[in-house]
Amino acid sequence: MAKKATKRKPTPTKRKSPFILSKQNKIILGSLLALFSIALFFSFISFYFTWQEDQSMLTEFKNRNEEAKNLLNKFGASVSHFFVYKGFGISAIIFPILLCISGIYMFLGLDRNGLLKKWIWGLIFVIWISVTLGFFATESPLLGGLIGYEINDFLQDYAGKIGVLLLLVFGLVFIAVRLFKLTPEGIASFFRSKKEALASEFKSSKKPEPETEESFLPLGQDDEPIIIDTYTHKAEIPHLEKEPVENDFEITVQTEPQAEEPQLNMEVEHIVEEQEEIDLLANKLVDDFGEFDPTLELGNYKFPTLELLDQHGVTGGITINQQELEENKDRIVDTLKNYKIGIAQIKATIGPTVTLYEIVPEAGVRISKIKNLEDDIALSLAALGIRIIAPIPGKGTIGIEVPNKNASIVSMRSVIASKKFQNAEMELPIAFGKTISNETFVVDLAKMPHLLMAGATGQGKSVGLNAVLTSLLYKKHPAEVKFILVDPKKVELTLYNKIERHFLAKLPDSEEAIITDNTKVIHTLNSLCIEMDNRYELLKLAMVRNLKEYNTKFKARKLNPNDGHKFLPYIVLVIDEFADLIMTAGKEVETPVARLAQLARAIGIHLIIATQRPSVNVITGIIKANFPARLAFRVTSKIDSRTILDAQGADQLIGRGDMLFTQGNDVTRIQCAFVDTPEVAKITEFIGSQRAYPEAHELPEYVGEDSGTSVDNDISERDGKFREAAEVIVIAQQGSASLIQRKLKLGYNRAGRIVDQLEAAGIVGPFEGSKARQVLIPDLASLQIFLDNEGAS
Ligand SMILES: Nc1ncnc2c1ncn2[C@@H]1O[C@H](COP(=O)(O)OP(=O)(O)OP(=O)(O)O)[C@@H](O)[C@H]1O
């Protein structure tokens with residue numbers, strides 16, 4: 001998206017200009033413009049031959065019996081009269097030329113930036129030529145047109161003839177320098193090179209050199225041994241210190257430095273030009289075709305509209321219950337008074353779910369004393385979820401958060417529609433919800449750069465994940481971001497299947513884009529590691545430090561797609577129920593996740609990991625260290641809160657989307673935006689019904705150690721029990737090593753080896769995680785035929 005890097009427009013529905021035409025319309029309009037401009041061109045030309053005869057026709061435009069001599073008849077005569085006679089004279093011809101170029105641009109669907117430049121220069125030319133001709137050709141007004149004449153007249157009244165002449169010369173200099181990039185040095189070197197070319201031509205015509213090797217040899221030096229290079233057959237350099245010899249071109253050049261000075265100057269200029277060549281080429285490509293636009297393939301893609309989201313009954317802001325506020329204030333003041341803590345000042349900020357009471361204690365009160373009263377205050381307020389922030393970072397106050405009796409829902413619609421989100425100039429903006437002071441909370445996932453989410457069951461984790469995904473869907477074009485969704489629960493993220501070919505990425509041979517089984521997760525994570533390495537390689541080649549710089553360079557056409565460069569979308573990997581994965585796959589999952597978390601930030605791969613159980617064996621030290629951004633919904637214990645946030649507080653939340661977010665230092669309390677399943681269904685339906693890419697974004701192939709075997713299908717090297725094992729497997733129609741182990745009383749390793757050989761022979765299918773392998777031979781008779789054929793071939 002060439003335009004995406006610049007300012008975003010306020011509403012997602014109006015991101016594109018309403019004047020964007022479809023490809024067909026562009027072709028139609030482009031050809032119409034080009035043909036019209038050709039007609040106009042000839043009409044202007046013919047005006048110069050027919051204008052006198054057609055003059056009387058101008059008032060007879062409606063009269064169908066009258067005919068004009070102009071090539072375009074009365075229309076041509078009138079338009080030409082307007083543009084040439086009343087307008088700019090002969091320079092009016094530039095208009096059809098500009099129109100023709102515009103038509104070609106439209107026809108070929110080229111970028112409009114280059115065209116705008118041409119129009120600006122065209123208009124400058126039109127005016128300059130018209131005024132110049134108006135100045136010099138006062139006798140023939142048709143050359144400069146009425147405008148040229150009038151401008152001259154006007155200027156001469158104020159600046160006189162000389163003043164206008166100087167202005168015209170300045171115009172010429174301006175055009176020469178800005179458009180043709182002429183400089184005094186450039187002109188001087190041009191003439192110098194011409195002069196030298198002439199001189200050398202003259203010289204060579206005077207002394208024609210015979211085309212033999214001897215012509216390079218110094219003449220008249222018989223007494224000196226001449227060293228001839230065996231490869232080049234030329235005299236070697238040592239002759240330098242010798243007296244200059246007229247006939248020896250090479251030596252003369254090197255022994256007369258003064259005569260060579262102009263040539264040295266020229267060389268310097270040449271080097272400068274060479275250095276700029278890549279940039280010049282890129283600039284030319286951008287001028288001709290415009291910046292690369294990754295969204296072009298789905299050019300008609302429409303962003304989801306706000307109407308797809310519900311208000312959830314919230315139309316206005318938060319309703320303030322004055323009585324509740326007063327009561328809470330009095331209770332806080334009374335409770336603190338009971339403990340002999342005086343309050344100098346108290347202020348309330350009302351949020352969607354909690355109200356923050358900011359207290360300035362009287363001088364001499366110890367902060368730790370108030371902090372220790374947390375439970376007592378909660379008791380006296382008879383409310384759950386009280387949190388004391390002492391002191392509030394950046395302010396000299398103590399905060400007491402008290403849940404509102406009637407919490408209001410923060411709808412996803414309200415946060416998406418907020419100015420803060422709409423105007424967010426972020427790479428991957430996420431609108432989480434609203435803070436305690438009712439401000440929309442927007443953060444950039446690209447800066448986090450990975451997010452860890454935890455919360456006990458039913459506290460709003462799935463809604464939180466949907467809020468993250470919805471935010472990105474409302475802001476990003478399918479070309480800019482791809483999701484990899486891992487959903488071991490198999491039900492939470494299924495709705496996103498509909499946007500598979502727009503927004504999802506998957507392994508080359510997998511059918512389902514949403515990953516639900518563990519083996520596939522391991523493969524996908526390893527495949528992402530390969531993608532990461534590939535991307536680093538591309539970044540290295542492009543000599544940039546991160547994905548943003550890389551894509552900017554690619555859009556500016558400074559990276560050649562023939563060298564493997566391509567526009568790289570962000571990849572967001574979402575793993576729901578991470579605990580479940582770690583429990584079943586352990587290190588196999590942890591290692592690639594840690595590797596990605598450590599290294600993937602620069603190349604645009606971002607991880608979002610959600611878990612119900614934030615225990616230390618799930619969120620291990622290495623994972624924690626690489627996930628500075630953490631989001632905690634309500635958890636069941638202080639320990640869990642510490643594991644996820646490195647601070648307590650998450651155990652005191654009130655649930656239903658009440659959450660704490662930290663990016664390393666401050667902890668912010670946020671009410672998560674609520675987006676319901678039917679809303680997600682509508683959004684995915686809206687996107688899914690639009691034209692899509694032919695396939696989901698393909699990840700690099702990963703060949704796992706356990707998928708397939710490297711065992712050769714060598715009959716002579718097969719285990720002695722191979723045939724028996726094959727029979728057991730075919731009878732049971734179950735390809736498992738443990739079955740062979742039991743039935744044939746073999747050790748595990750030997751049984752495993754036999755299964756590998758069975759796979760290599762094509763009797764059982766590949767490894768499928770916890771499931772038994774598929775048996776590819778239906779019955780014993782078929783097996784018999786199969787093995788006999790194998791032996792015969
Ligand atoms: N931000 C919110 N605003 C209002 N209500 C919410 C919010 N988030 C969640 N809820 C309520 O809590 C319920 C449970 O939320 P959710 O399904 O997200 O929980 P969960 O943490 O994913 O649970 P589990 O881990 O069992 O899947 C929702 O159905 C909704 O009624």
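Which residue of β12 does M453 stand opposite? The residue is L631. This report deals with a predicted model, and it goes through two sheets, the helices that lie across them, a ligand shell and two points in the backbone.

**The nine-stranded sheet**

M453 belongs to a pairing between strand β7, residues 451-454, and strand β12, residues 629-632. These two strands run in the parallel sense and are joined over four bridges. They are part of an open sheet of nine strands, in which the order is β6-β5-β14-β13-β12-β7-β11-β10-β8. The pairing within this sheet is mixed. Which strands stand at its edges? They are β6, residues 440-444, and β8, residues 481-486. Each of the two has a single partner strand, so one side of each has no neighbour in the sheet. On average, neighbouring strands here are turned by 30 degrees against each other, when direction is ignored.

Helix α15, made of residues 461-475, lies across eight strands that include β5, β7, β8 and β12. Relative to β5, which covers residues 429-435, α15 runs at about 130 degrees.

**The ligand shell**

Helix α15 also takes part in the surroundings of the ligand: with three residues, α15 gives the most to the shell. There are 14 residues around the ligand, and T457, G460, K461, S462 and G657 come nearest. Sorted by class, the shell has four nonpolar, eight polar and two charged residues.

**The four-stranded sheet**

A second open sheet has four strands in the order β1-β2-β4-β3, and its pairing is antiparallel. At its edges stand β1, residues 343-350, and β3, residues 387-389. Each of these has a single partner strand, so one side of each is left without a neighbour in the sheet. Neighbouring strands of this sheet are turned by 20 degrees against each other on average, direction ignored.

How many bridges join β3 to β4? There are three, and the two strands run antiparallel. Within this pair, I388 has I400 of β4 as its bridge partner. Helix α10 lies across β1, β2 and β4, and α10 runs at about 145 degrees to β1.

The table sets out the average turn between neighbouring strands for each sheet.

| Sheet (strand order) | Average turn between neighbours |
|---|---|
| β6-β5-β14-β13-β12-β7-β11-β10-β8 | 30 degrees |
| β1-β2-β4-β3 | 20 degrees |

**Helices α10 and α12**

Helix α10, residues 322-338, packs with helix α12, residues 374-381. The angle of packing is about 135 degrees and the axes are 10 Å apart. Because of that angle, α10 counts as oblique to α12. The crossing of α10 past α12 is right-handed. On the side of α10, the contact is made by N328, R331, I332 and T335; on the side of α12, by D376, I377, S380 and L381. By class, this contact has three nonpolar, three polar and two charged residues.

**Two points in the backbone**

What kind of peptide bond joins M448 and P449? The bond is cis, with an omega of about -5 degrees. P449 is placed in the loop between β6 and β7.

K340 lies in another loop, the one between α10 and β1. K340 is not a glycine, yet its phi is positive, at about 60 degrees.

Definitions and conventions
Residues are numbered from 1 along each chain as its sequence is written. This is a predicted model: local features need pLDDT of at least 70, side-chain atom pairs count only at pLDDT 80 or more; totals for chains, interfaces and linings use all residues. Axes are lines fitted to C-alpha atoms, for helices over the stretch in contact, and angles run from 0 to 180 degrees between N-to-C directions. Angles under 35 degrees count as roughly parallel, over 145 as roughly antiparallel, 65 to 115 as roughly perpendicular and the rest as oblique. A crossing is left-handed if the near helix is turned anticlockwise from the far one by less than a right angle, and right-handed if clockwise. Two residues are in contact if their C-beta atoms, placed from the backbone, lie within 7 Å. Ala, Val, Leu, Ile, Met, Phe, Trp, Tyr, Cys and Pro count as nonpolar, Asp, Glu, Lys and Arg as charged, and the others, Gly among them, as polar. Two strands pair if DSSP finds at least two bridges between them. A residue is near a molecule or strand if its C-beta atom, placed from the backbone, lies within 6 Å of it.
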